[in-house]
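Work through these short exercises with the structure open beside you. Try each task before reading its solution.

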Amino acid sequence: MRLDLTPLLRRPIGQAFMVALLTALCVLPGIGSIPTIDRDEARFVQATRQMLDSADWHGYVVPRFGDQLRLQKPPAIYWVQSASVAALGGMDRGPEAIWMYRLPGAIAAIATALATWWLGRSMFGALTGTLAGILIGICPLVAFDAHQARADQVMVAVTTWMMVLLWRLWQTRDAATPWFTLLGLYALCAVGILLKGPITPFVLGSTVLCMAAATRSWSWIVRAQPWTGALIVLAFVVPWVILAAREIGGDTIVGAIRREVFERAGSGMEGHWAPPGYHLVLLPVLFFPGSLLTGLSIQWAWSRARRARRSGSLPSRIWSSLMARGGRHPELFLLCWLVPTWIAFELVATKLPHYVLPCYPAIAVLSARAVIGGLSSLPRALEPVNRFGYGVWAVIGCLIGWMPAGLMVALDRAGLLTDPNLGWSLPLASSAFILVVVAGGYGSLLMWRARANALRGDFGAAIRGGIAITVMSLVCTMGIVLPRVPAPWITTRILDHAWHEAANRGLTTLPSMAAVGYIEDSLLFESGRRVERLGADELAGWIDRHPDGLVIATTDALDGNGPASAVAARLQPIDSSRTRGFNYSKGRIVEVMLYAVVPAR
């Protein structure tokens, strides 16, 4: 018996429910069972934890990570996470409350999908809006980012809803400007600034300017009342700037802005340089399955947005193509949103995959519109080069479907699939492995059929297969495999050994601890700041001050050639604590052990 969802999807509430449900299936599994992720998430949650532990409101003005100021991001995300943890009763809980820190990001992912649905629905109808919301809600980049307690996903949700209001403002450009739309638009822009600096206002400003230039409707800029918007933004942002300047000085704030905005744009900070085209290369994978027609959809939108003259000089024809007076405004709006922002991120020297997330809602709406339009909108969709692209798309889908099983096999071959000391185990003989293999095999069948459907021009059927395999793979990866494989979670495992040692000593809290060699940021959050991260030359002094302490160290740090080998005689290895895993922050396999300090004689 076939489940017919047509009656449900006829109503807006049903469409929104379907978008929210599929997004939740991809972003909620694992948010409580996957341990703290290094390095960004660990820094965010530790700074939030220190806000919650602060004695008064001063601790909420400037975030701190350990004893250092954390000015890489403005403070709003820490306020949001603090509110989440406080509301859910996590004030006195440890790393097991990580889901409370992640929940705002998961909710923001659902909010982004709903905003995309709303925008697509208002532009092109219910089917396009629903598909657009689903495509962004289930794509791997959003799913992986929503599992980390960072600022990006909340910023994307705020930016997307801001663009919904901007589109509404454009639609009413010939009527009186609604004050509540302006207030909401610029309030969201201000919140975006407090979440992640200049990204949200750049998206807003570049879209407004490009729309005005493309339609030659310069009066629309006046109707957008940028001076009013500036006052609203300043009303939100200036109070925090004043309070922060009183706490740490204005020069410190200016220095942070210069470093995080201008230096990050000009050089690859923290080793994250990549050439232009980096984001474009990753798009087919990170936006799967929506990437099926993304390239064609942008070409189609360009042709719909412009009205090119066939006569006149070459410069005049080019100008007419770019300045699309009389073109289709929905497509034009989405291109004015997407193109300047994407180009800016490609030109910025520092690159990470999630930087282009503010562009994804526009891509989702364009891609969904192409799928719904089908061959009637894309008459060249079955040309040889595009047919080859559908094959590449199907291969990507198969790889995504086999991702959880492939991860388990790779870890097993490296001897990293079990931890016999603590009972962490997900062997290849387990029911979980059988499940992910069956899911991978079924996904391959789906993608074979999806490719065949795409080659026939039935893009709706093809995209349904891509949606199914993506949801299955993400549920298996996030909900089954990653929480149970021990290899990536070195911090959690070594601290489990530390708790066992503390219990053997009759302690109810962790003793004083130092870390050498393995000094990832998650140690601070998961230990409750009981771990001091040291250089090799600092270890001897620490041992003198903590005769009953424990030391976390990589085994090569204390061997005969290691930098801390001089103090090895004062440390007794706890053999049962030997922990071997994959340090994904550095891309290498490491072995870590606990050492008990031997009192000096």
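**Getting started**

The protein has 25 helices and nine strands. The model is predicted.

**Exercise 1. Overall build**

Find how the radius of gyration of the protein compares with that of a compact globule.

Solution.
- Step 1. Start with the chain length: the protein has 601 residues.
- Step 2. A compact globule with 601 residues would have a radius of gyration near 25 Å.
- Step 3. The protein has 26 Å, which agrees.
- Step 4. Add the box. Along the principal axes, the C-alpha atoms fill roughly 95 × 60 × 45 Å.
- Step 5. Look inside. Of the 601 residues, 54% count as buried.
- Step 6. Take contacts between residues at least 6 apart in sequence: 74% of them join residues at least 24 apart.

**Exercise 2. The five-stranded sheet**

Work out the strand order of the open sheet, and name its edge strands.

Solution.
- Step 1. Read across the sheet: the order is β6-β5-β7-β9-β8, with mixed pairing.
- Step 2. Pick the strands that pair on one side only. These edge strands are β6 (531-533) and β8 (571-583).
- Step 3. Check the turn. Neighbouring strands are turned by 25° against each other on average, direction ignored.
- Step 4. Now follow β8 to β9 (residues 588-597). The two run antiparallel, joined by nine bridges.
- Step 5. Locate one bridge: Leu 571 has Val 597 in β9 as its partner.
- Step 6. Find the helix that packs on the sheet. Helix α23 (residues 490-504) touches β5 (513-516), β6, β7 (550-554), β8 and β9. The direction of α23 makes about 160° with that of β8.

**Exercise 3. Two packed helices**

Describe how α20 and α22 pack, and which residues meet.

Solution.
- Step 1. Two packed helices are described by the angle between their axes and the distance between the axes.
- Step 2. For helix α20 (residues 403-413) and helix α22 (residues 459-484), the angle is about 35° and the axes are 8 Å apart.
- Step 3. List the α20 side: Met 403, Pro 404, Leu 407 and Met 408.
- Step 4. List the α22 side: Ser 473, Cys 476, Thr 477, Val 481 and Leu 482.
- Step 5. Sort this contact by class. It has seven nonpolar, two polar and no charged residues.

**Exercise 4. Cysteines**

How many disulfides does a search of the whole structure find?

Solution.
- Step 1. A disulfide is a covalent bond between the sulfur atoms of two cysteines.
- Step 2. The search of the whole structure finds zero.
- Step 3. Try Cys 210. The nearest cysteine sulfur, that of Cys 336, is 4.9 Å away. The cut-off is 2.5 Å, and Cys 210 is in no disulfide.
- Step 4. Cys 210 counts as partly exposed, at 28% relative accessibility.
- Step 5. Try Cys 476. The nearest cysteine sulfur belongs to Cys 26, 11 Å away.
- Step 6. Cys 476 counts as buried, at 7% relative accessibility.

**Exercise 5. Two single residues**

Is His 279 buried or exposed? Then ask it of Val 19: buried or exposed?

Solution.
- Step 1. Place His 279 in helix α14 (residues 278-286).
- Step 2. The relative accessible area of His 279 is 2%. The cut-off for buried is under 20%, so His 279 is buried.
- Step 3. Beyond residues up to four places away in sequence, His 279 touches several others, among them Trp 342, Phe 345 and Tyr 355.
- Step 4. Place Val 19 in helix α2 (residues 12-27).
- Step 5. Val 19 has a relative accessible area of 0% and is buried.
- Step 6. Val 19 touches residues including Ala 113, Trp 117 and Ile 134.
- Step 7. Val 19 and Ile 110 are 91 residues apart in sequence, yet 8.0 Å apart in space, C-alpha to C-alpha.

Key
Residues are numbered from 1 along each chain as its sequence is written. This is a predicted model: local features need pLDDT of at least 70, side-chain atom pairs count only at pLDDT 80 or more; totals for chains, interfaces and linings use all residues. Side-chain values use heavy atoms; hydrogens and water are left out. Two strands pair if DSSP finds at least two bridges between them. Helices (H or I, at least four residues) and strands (E, at least two) are DSSP runs, numbered from the N terminus. Axes are lines fitted to C-alpha atoms, for helices over the stretch in contact, and angles run from 0 to 180 degrees between N-to-C directions. Contact means heavy atoms within 4.5 Å. Ala, Val, Leu, Ile, Met, Phe, Trp, Tyr, Cys and Pro count as nonpolar, Asp, Glu, Lys and Arg as charged, and the others, Gly among them, as polar. Buried means under 20% relative accessible area, exposed over 50%, partly exposed in between (1.4 Å probe, protein chains only). The radius of gyration is taken over C-alpha atoms; the globule rule is 2.2 Å times the number of residues to the power 0.38.
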